[in-house]
Amino acid sequence: MLDVRRLRLLRELAHRGTIAAVAEAVAFTPSAVSQQLSALEREAGVPLLTRSGRRVVLTPAGRNLVRHAEAVLAQLERATAELAGARSGLSGSLRIGAFPSAGRVMVPAALAELARRHPGLEPMVVELDPARVADALRAGDLDVALVHEYDFAPVPAEPGIAVIPLCREAMYLATADPALATVADCRDEPWILAVTGTLCHRMTVHACQAAGFTPRTRHQVDDFATVLALVAAGQGVALVPELGLVDRPDGVTLTRLSVGRHTRIAHRSGAEDHPAVQAFAEAMESAVPEGL
C-alpha cells in the first residue's frame, strides 16, 4: 500500500526540483525526505528517482506516480470537503494568502462579511506574491489565496491547483508628464518596476517589449503607493493596476490601457466544494469594488 504522506513528498519533489527545497517546504530535514522517498520506492517496487549530477530526477515510473498522486490528493480534498459539509456551522482556521493591493482594498471588507456570516471561522491572512502561492497551497500552508495574472504575463496552470475567477481591473500608465500618453511614448523614460521575479515585474517588461523596447529600470518597488509617490516626484514612469490607485498623489497623470489584471481565488484541486472555500469566495465577491 502506498503511503499518502510519501506521495505528497514525491509530488513536492516533482514541482520543487530538489530534496533540499522539499525539506524546507515541509519542515523536514533533507535526510528525512530522502528516507521517506526511499521507503516509497520500496512500496512501489520500482525505481522512482535517479541522480543526475547533484540533482534527483524522477524516472518515467516516478512521473506516472506523481500523475496518479495528483488525482488521489484531489479526491482526498473532495472527501474532506464532503465531511466538512456534513458538520453544522463553519469553525476553525482559514489560512488565506493575499497580494498587497487586494489585501488593502478588498480583503478587509471580505473578512468583515465572513465574521458576520460565519463567526466561528477564524481567517488568518498572509501577504504573499502570487508566484509563491501554488507551492504554499500544495504544501498545506494555505487553504485559499488571491492570485492574479496580467494580459501581458499569463500564468500557466499549476498542477494540483484550481482557481475561481473574481474580477478584472484595468491597467494604467502613470507618468508626471501628460504628454506621455502611451507605453511607446515612454521608450526613453526611466521606469519603476516591481521586484525581479514577481508577476508585476514580468508584466511591465512584456508590455514594454510589445511596444518595441526594453524598459530602463531606475527603481524596483512592490508597493504601488510608493510607486505613485516616486512617479509624482519625477523619478520615472510605471504601470499600475486599478486597485493600486488608492490615495493617488497630486502630479500623477493616469492613462487607461487596453490590458488588464485578472484576480482569481486559488485553492487545492478538489477543494472547490469545501464550505470554507465557498464562504471565502462569496465574501470576496461581495467585496469587489463597484465597476470591476
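In this predicted model, helix H2 (residues 19–26) and helix H3 (residues 30–44) bring their axes within 8 Å of each other and cross at roughly 105 degrees. Angles of 65 to 115 degrees count as roughly perpendicular, and H2 and H3 are therefore roughly perpendicular to each other. On the H2 side the contact is made by Ile-19, Val-22, Ala-23 and Val-26, while H3 brings Pro-30, Val-33, Ser-34 and Leu-37. Sorted by class, the contact of H2 with H3 holds 7 nonpolar residues and 1 polar residue, with no charged residues.

Helix H2 also meets helix H1 (residues 4–16): the axes of H1 and H2 come within 9 Å and cross at roughly 120 degrees. H1 and H2 are therefore oblique to each other, and their crossing is right-handed. If you would like to find this contact in the viewer, select Leu-9, Glu-12, Leu-13 and Arg-16 in H1, which meet Ile-19, Ala-21, Val-22, Ala-25 and Val-26 in H2. Here the division is 7 nonpolar, no polar and 2 charged residues. Ile-19, Val-22 and Val-26 of H2 are thus worth a second look: they take part in the contact with H3, and they appear in the contact with H1 too.

Let us move on to the sheet. It is an open one, formed by 6 strands in the order E4-E3-E5-E10-E6-E9, and the pairing is mixed. Strand E4 (121–127) and strand E9 (238–241) stand at the edges with a single partner strand each, so one side of each is left without a neighbour in the sheet. From one strand to the next, the twist averages 30 degrees.

The mixed pairing can be followed strand by strand. At the E4 edge, strand E3 (residues 92–98) and E4 pair in the parallel sense over 7 bridges. Within this pair, Ile-96 stands opposite Val-125 in E4. Elsewhere in the sheet, strand E6 (residues 161–175) and strand E10 (residues 253–268) run in the antiparallel sense and pair over 13 bridges. There, Cys-167 has Thr-263 in E10 as its bridge partner. E6 also pairs with the edge strand E9, again in the antiparallel sense, over 4 bridges. In that pairing, Val-240 in E9 is the bridge partner of Tyr-172.

Helix H6 links this picture back to the helices. H6 lies across E3, E4 and strand E5 (144–150), and it runs at about 165 degrees to E4. H6 (residues 107–117) has a helix partner as well: its axis and that of helix H10 (residues 275–287) come within 8 Å and cross at roughly 130 degrees. H6 and H10 are therefore oblique to each other, and the crossing is right-handed. The residues in contact are Ala-109, Ala-110, Glu-113, Leu-114 and Arg-117 from H6, together with Ala-279, Phe-280, Glu-282, Ala-283, Met-284, Ser-286 and Ala-287 from H10. By class, the contact of H6 with H10 has 8 nonpolar, 1 polar and 3 charged residues.

Finally, a word on aromatic rings. A pair of such rings is described by the distance of the centres and the angle of the planes. With ring centres required to lie within 6.5 Å, the count comes to 1 aromatic pair. The rings of Trp-191 and Phe-213 have their centres 6.3 Å apart and their planes at 40 degrees, so the pair is tilted. What does this pair tie together? Trp-191 lies in strand E7 (residues 190–193), and Phe-213 sits in the loop between helix H8 (199–210) and strand E8 (216–220), so the pair ties together parts that are 22 residues apart in sequence.

Key: Residues are numbered from 1 along each chain as its sequence is written. This is a predicted model: local features need pLDDT of at least 70, side-chain atom pairs count only at pLDDT 80 or more; totals for chains, interfaces and linings use all residues. Side-chain values use heavy atoms; hydrogens and water are left out. Axes are lines fitted to C-alpha atoms, for helices over the stretch in contact, and angles run from 0 to 180 degrees between N-to-C directions. Helices (H or I, at least four residues) and strands (E, at least two) are DSSP runs, numbered from the N terminus. Angles under 35 degrees count as roughly parallel, over 145 as roughly antiparallel, 65 to 115 as roughly perpendicular and the rest as oblique. A crossing is left-handed if the near helix is turned anticlockwise from the far one by less than a right angle, and right-handed if clockwise. Contact means heavy atoms within 4.5 Å. Ala, Val, Leu, Ile, Met, Phe, Trp, Tyr, Cys and Pro count as nonpolar, Asp, Glu, Lys and Arg as charged, and the others, Gly among them, as polar. Two strands pair if DSSP finds at least two bridges between them. Rings of Phe, Tyr and Trp (its six-membered ring) pair if their centres lie within 6.5 Å; planes under 30 degrees apart count as stacked, over 60 as edge-to-face and the rest as tilted.
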